Amino acid sequence: MGEMSLGAAVACLGAAVWLLGGRNSGARRAELLLAGGGSVGAGPPDWRQMVRELRRLRGRLRAEWWAPVVGLVVAVLGSSVLPVVAGAAGVPVLRRVRLAREARRARERRGDAVIALCGALAGEVRAGRQPGEALLRAARDSGGLGEAQAAVLAAARFGGDVTGALASAARKPGAEGLSGLAACWRVAVDQGAGLAAGLDRLEGVLRAERDQRTDLRAQLSGARSTVVMLAGLPVLGLLLGAAMGAEPLRVLLHTGAGIGCLAVGGVLEGLGMWWALRIVRGAEAT
C-alpha cells in the first residue's frame, strides 16, 4: 500500500508538471532569453506568471476532471485506492451537470437574441422598410436566428416561405419566441395587419417572461445554496475529525464498518441532493 501511495503521488506530480507546460519549458526559456527577460532561474519565480499558469491549467481542465484529481489526492492521504475509483465514477456525473449548465446558458442567450431581434425588426419596419428588407437588416444586427439564420434570410431575400423558416428555427431551445414572430409575419403578410405593433407586443411578452424567470431563479438561489451547504457538511466533519486526531480516513477506508458507513452515507448523500434539486427544479419549471 505504501508503494501504491508513492506511485500515485509521483503520477499526480508528473501530471501537474505536464499540464503546467513542462513539454514546452525549453521553448519558453528560449523566448525569455530572446525577449531580454534575463537569465532563466536567476531569481524567484514571478507570482503573476504562476497565476497565469494556474488560470491556464484551470482552462484546460473541464470541471468533471477535477473529480479524479481530488480522488487521487485523497487516495494519497488515505493510502487507499477507493477515492480514485470514486473520483473516476464522478466524471460522467459532473460532465452531465456541466453540459446541462452550458445548455441552459445557450438557451438563455438564444432567448435574449430573439427579444433583440423583435425589437430591431419593429424599429426597421417603423423606419419605412419593407418586411423582407427589415428582417435582413434586423437579423444581421441582432443574430437572433442562430443556426437557422441562413435559411430565414434566404427565404426573405428570394420570396420564400419566411413563416415556415421561422417556425423551423423556433424548435431550438430558447428560440420559442420565433414561433410568435412567425405568427406576426403570417398575419401581416396575409391580412395586411401592422407588423410593428404585433412585434412590440411580442417583445413585451417575451421580456416579461424572461424577467419572471430571472426573478424566480433569484428567489430559488437561497434554496440551492442551502442544498450545497448541506452537501458539504460531511466534508467539514471529516476535517474536524482529522483536526482532533481521530484519523477518519483510516477508519472509513481501511475498516469494514467504515467502508459500509461510507457506502451508505454516499448513497444517502446522493439521494438527498437529487431530491432537493428535484424540488427546486420543479418549482422553477412551474
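**Figure 1. A nonpolar patch on the surface of the predicted model.** Val264, Val267, Leu268, Leu271, Trp274, Trp275 and Ile279 together form a nonpolar surface patch of about 770 Å². The model in which this patch appears is a predicted one. One member of the patch, Leu268, belongs to helix α12, which covers residues 256–285. Leu268 has a relative accessible area of 55% and is therefore exposed, since exposed means over 50% relative accessible area. Trp274 is likewise a residue of helix α12. The relative accessibility of Trp274 is 52%, so this residue also counts as exposed. Trp274 can further be viewed together with Val227: the two residues are 47 positions apart in sequence, and their C-alpha atoms are 9.7 Å apart in space.

**Figure 2. The overall arrangement of the predicted protein.** The protein contains 12 helices and zero strands. Read from the N terminus, the order of elements is α-α-α-α-α-α-α-α-α-α-α-α. Of the 286 residues in the protein, 26% are buried. For a residue to be called buried, its relative accessible area must be under 20%. The views that follow concern pairs of these helices, the salt bridges and two loops.

**Figure 3. The packing of helices α5 and α6.** Helix α5 spans residues 82–126, and helix α6 spans residues 131–142. The two helices pack at an angle of about 140 degrees, and their axes lie 8 Å apart. Because of this angle, α5 is described as oblique to α6. The handedness of the crossing between α5 and α6 is right-handed.

**Figure 4. The packing of helices α5 and α10.** Helix α5 also packs with helix α10, here at an angle of about 155 degrees and with the axes 9 Å apart. This angle makes α5 roughly antiparallel to α10, because angles over 145 degrees are placed in that class. The crossing in which α5 passes α10 is left-handed.

**Figure 5. The salt bridge between Asp112 and Arg210.** In total, the structure holds 11 salt bridges. In one of them, the side chains of Asp112 and Arg210 meet with an N to O distance of 3.1 Å. Asp112 lies in helix α5 and Arg210 in helix α10, and the pair links distant parts of the chain, 98 residues apart. Asp112 has a relative accessibility of 34% and so counts as partly exposed. Arg210, at 23% relative accessibility, is also partly exposed. Arg210 takes part in another salt bridge, with the side chain of Asp211, at an N to O distance of 3.9 Å. The relative accessibility of Asp211 is 43%, which places this residue among those counted as partly exposed.

**Figure 6. The salt bridge between Asp200 and Arg126.** The side chains of Asp200 and Arg126 form a salt bridge with an N to O distance of 1.7 Å in the model. Asp200 belongs to helix α10 and Arg126 to helix α5, so this pair ties together parts of the protein that are 74 residues apart in sequence. The two partners fall into separate accessibility classes: Asp200 is partly exposed at 29% relative accessibility, whereas Arg126 is exposed, with a relative accessible area of 53%.

**Figure 7. A network of salt bridges.** Glu124, Arg129, Glu133 and Arg137 are joined into one network by salt bridges that share partners.

**Figure 8. Two loop residues with positive phi.** Ser79 is not a glycine, yet its phi is positive, at about 55 degrees. Ser79 is located in the loop between α4, residues 66–78, and α5. With a relative accessibility of 27%, Ser79 counts as partly exposed. Glu247 is another residue other than glycine with a positive phi, in this case near 55 degrees. The loop that holds Glu247 runs between α10, residues 195–243, and α11, residues 248–254. Glu247 has a relative accessible area of 45% and is therefore partly exposed.

Conventions:
Residues numbered from 1 in each chain as written. Predicted model: local features only at pLDDT ≥ 70, side-chain atom pairs only at ≥ 80, totals over all residues. Heavy atoms only, no water. Patch = residues over 30% accessible without salt bridge, like charges linked within 9 Å, V, L, I, M, F, W, Y side chains within 5 Å. Areas by Shrake-Rupley, 256 points an atom, 1.4 Å probe, with all protein chains shown as cover. Salt bridge = Lys/Arg side-chain N within 4 Å of Asp/Glu carboxyl O. Helix = DSSP H or I, 4+ residues; strand = E, 2+ residues; numbered from the N terminus. Buried < 20%, exposed > 50% of the residue type's maximum accessible area, 1.4 Å probe, protein only. Axes fitted to C-alpha atoms, helices over the stretch in contact; angles between N-to-C directions. Parallel < 35°, antiparallel > 145°, perpendicular 65-115°, else oblique. Left-handed = near helix turned anticlockwise from the far one by under 90°.
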